[in-house]
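Welcome! Have the sequence and the 3D view open, and work through the exercises at your own pace.

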Amino acid sequence: MLVLAALLPDFQLQSADGDSATRIAVTAACGAGAFGVLSAVAWPLLVRLLLLVPALFLGLLVFALNGSLLLLALRINPSGRGAAAPETAVIVAAVMSAVASATGAALAVRDDEAYRRRLHRLAARRRRSDPPCPTTPGLVCVQLDGVGHDVLTAAVRKGLMPTVAGWLGTVDRRPADGGQETADGRRPTVDGRSHTPAPASAAPAPASAHTPAPAPAATHRLTPWRTDWSSQTGASQLGILHGSTFDVPAFRWYEKDRGEVMVCNRPTSAAELQRRAAVHTGDGGLLTIDGASRGNLFSGGAGEQALVLSITTRRRGKENRSRAGYFAYFSDPANAVRTALSFGAEVVREVGQSVRARLRGQRPRVGRGGLYPLVRAFATVVERDVVVAAVMGDMLAGRTAVYADLVAYDEVAHHSGPHSRDAEKVLQRLDRALALLQRVAEHAPRPYRLVVLSDHGQSPGETFHGRYGLTLGDLVRAGCGLPVPRSAGRTRSGAEARAAVRAALRRPVEEEAGEQHRPARTRSADGPPSRSEPIVLASGNLGLVSFPDVHHRMTREEIDARHPALLTTLAHHPGIGFLLVRSAEHGGVVLGANGVEVPLADLDDASGPLACFGPGAADAVRRTHSFPHTADIMVNSAYDPAGGEVLAFEEQIGSHGGLGGAQSRPFLLSPLDLSAPAADHGELAGAEQVHHALRRWLRELNGPEVPLTAATEEEQAA
C-alpha cells in the first residue's frame, strides 16, 4: 500500500500538509488491516447476494467489488487520512489481492501447499460436524477431454507430463531411441505395452556421479480403448457415466419424430439424453450413491453437482446446484482476483499465438478471432481452477466417487492442432493439476485411487471447406440440384467449452444454420412451396443429411428416386471416405468411391471402404445403423492413414466425431492395484465397457454402487 501510494497520484495516505513517516505507516497498516477484515467478512456475503448474476460476469465484477471494499476501508480508517479516486481504488485493491494471492492463503493451481493446507483445515472443520466417512478407498476419475492415447504417450516421452510419467514408472532421462524405460528395464511402446531388452553381455559400468537415479516403481497402467463411430464427448461421457451410448449417432442430429435438432452440449438435449440413458439401463448412473459430478455434460446420478450441463435448465433449488461451484470458488477474493488476472493473461497469450501463426503462414489454420480468445481463457483458466478446487473439496470431504472433466486441451487443440506447441503447454498445466490432486489425497480422510482417462482423441487435418472451397452443405445442395451460395458458409465449431461459457452466462445454445425446427422449403416453378430442403449437420469429420419432410428414415432407393445424383456426388468426392444409407434390399449399405457398394452383412475391416479406418470400424458402423435416429445419409470424411489426417466439416484443424485416426483411440490410466480394465488383457470397445470397468473397480474398493439387474446385463452384453 505504501508503494502504491508513492506511485499513484490519486491514492493518498497522508494529509495535504504532510505527515511523518510513522504516521503514514500507521495509516497504511490500518487501511490494509481494515481491507483484509472486510475481504474476509463481507466478501462471502457479497457473493451470496450475487447468486442471480451470471457466473462468468461474477469474475468481471471482482475488481469493482474489491475497489468498493478498499474505499470503505479507507473511510473507516481511524486516522482519517486515506483517500483514493474510485478508479484508483480498483487498481490498488486488485494489486493488493494479487499480492495476497501470490504470498498467502490461496495460490495458483500448480504446486499449492498453502492452498492445500487451507482446504485441509476447512475439510477437517467440516468433518467434525459431519458423520465420519468410510475408511475404504474412494475413486476419483479425472477426464482430460480430447487427449488421445498417442498425445499422452508423446507428452510423457517429451517430459511434458512428469506426474503421469512417475505413475507409469518412467525415468527422467530418455534413451537414444526416444523411448522410456520402466523400473524393471522395460520400455513402453506406442500402444502402451512394453518389452524387455535383451541383457547385455558386458559387465555393468561402474556407478558415477552422472548415473541417473533408479526410476520409481510404476503405480498405474496405461490402456488404450476404442470409441464408437461417434467419437465425441456427448456419446463417450454418457456411456462412461450412465452406461449407454444407444441412439447417440453424432454430436448433433435431427430427430424426425420430434422435429428437433439434438445437440449434445445444449442443456435441454443433455437432459433428454441423460433421461433416455437412465430408462435404457434401468439405473441412475455411476455416481448415484455418495458421488460428485464436476464440470461434466451429465450428472452420472451424483447428489453433488457443479458445472453440470444437463441440470442447468432446471429451476434453481436443492436439485440444481450446477453453478454453485463458481460461487464456492469465487467466494475467496484472492481466488477471484488470481483467476481474473490469469484469465486476462490467457487472452493475451491466445492473441499473440494467433498473430504469430498468421505471420508465419501456418497451415492448416482456422480463424481464432471474435470471442474465441475469451472462450479459450474460460476453458483453460476458469473451468480448470473451479473444477480442480471442487474435486479437492470432494476428496477432503471423503466422497466415495468423483468424476470431473477438464476441457482445456480439447478447446485449444481444435484451433491450434492436437500436436501444436499451444496444446503442449496446456498438457503441462493439466499435469500440474493432477500433481496437486495427488498431494491432496495424502491429506484426505480416506485413501483414494486416482484414475485418469479421456473420452476421445483428436485427428489433425485441414477443414473440408479449406481444401475444397465449399462446405458439406454446399455439396449436398449441388447433388440435390439446389442453388449453391457463391460465398460458401462455414460451420461453427461446437466445442464443449462454448457450452460451458453459455451455461455460465445462462444463455441457451443458439440454433445454427440448418438446425431450425421448421426447415425451409424450396419453391416449385409455379410458386408454392414443395419439398423441404435437406438438413445438413456436422460433427467433426462426420456429416449427417436428413430430409425432414419424410417422416421415416429414407432408403437408398427412395433417395435415388428423389435426387438421382446425390449419393453419386457424395460418394465420388475425394474428400468423402464412405456413406451409410438404409437399403430396402440389404437393410443397410456402405457406399464408397468408384461405385463400391457393400451390404452391412458383408462389411469387414480388412477390405472395402472401411479398410483404412482400422479395427472395429465395421462393428461401429453396424451399431450406428441400428439406432432409431440415425440420419438418412451418414457421411464420413476421407482419411489419410500415412499422416493420420481427416477433413473436418467444422472449422477445426483438430477434430473428432467420426472415424479415422487418433480421434477414436482415447486412453485409460488406472492404478495397478485395481483389476485390469478388460478381461484377458483385451481391448475395451466403446464407452459402455469403460463404464463397466469403473463399476467393477468401485465394487473392488467396497464402495456403494447401483447394481445392474441380470436382464440389463444380458441386454448390454447383447
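**Exercise 1. Find the buried residues of helix 16, and say what they pack against.**

Step 1. Keep in mind that this is a predicted model. Go to helix 16, which covers residues 472-479.

Step 2. Pick out the buried residues, meaning those under 20% relative accessible area. In helix 16 these are L472, G473, D474, L475, V476, R477 and G479. That makes 7 of its 8 residues, and the helix is mostly covered.

Step 3. Look for what covers them. The buried residues pack against two helices, helix 15 (464-468) and helix 19 (566-572). Their other partners are strand 16, strand 17, strand 18 and strand 21.

Step 4. Move just past the end of helix 16. There you meet G481, with a positive phi of about 75 degrees.

**Exercise 2. Work out the order of the strands in the open sheet of 6 strands, and find its edges.**

Step 1. Read across the sheet: the order is 16-17-21-18-19-20, and the pairing is antiparallel.

Step 2. Go to the edges. Strand 16 (535-539) and strand 20 (597-599) each have a single partner strand, so one side of each has no neighbour in the sheet. From one strand to the next, the twist averages 20 degrees.

Step 3. Zoom in on one edge pair. Strand 19 (residues 587-591) joins strand 20 through 3 bridges in the antiparallel sense. Here V590 is opposite V598 of strand 20.

Step 4. Add the helices. Helix 20 (residues 617-625) packs on the sheet and touches strand 18, strand 19 and strand 21, at about 40 degrees to the direction of strand 18. Helix 16 lies across strand 16, strand 17, strand 18 and strand 21, and runs at about 150 degrees to strand 16.

**Exercise 3. Describe the open sheet of 8 strands: which strands are at its edges, and which helix lies across strand 3?**

Step 1. Trace the order, which is 10-9-11-3-12-25-6-26; the pairing in this sheet is mixed.

Step 2. Mark the edge strands. They are strand 10 (304-306) and strand 26 (684-685), each pairing on one side only.

Step 3. Inspect the edge at strand 26. Strand 6 (residues 220-226) runs parallel to strand 26, and 2 bridges join them. R226 faces A685 of strand 26.

Step 4. Find the helix. Helix 14 (residues 421-441) lies across strand 3 (138-144), strand 11 (401-406) and strand 12 (448-453). Its direction makes about 175 degrees with strand 3.

Definitions and conventions:
Residues are numbered from 1 along each chain as its sequence is written. This is a predicted model: local features need pLDDT of at least 70, side-chain atom pairs count only at pLDDT 80 or more; totals for chains, interfaces and linings use all residues. Side-chain values use heavy atoms; hydrogens and water are left out. Two strands pair if DSSP finds at least two bridges between them. Helices (H or I, at least four residues) and strands (E, at least two) are DSSP runs, numbered from the N terminus. Contact means heavy atoms within 4.5 Å. Axes are lines fitted to C-alpha atoms, for helices over the stretch in contact, and angles run from 0 to 180 degrees between N-to-C directions. Buried means under 20% relative accessible area, exposed over 50%, partly exposed in between (1.4 Å probe, protein chains only).
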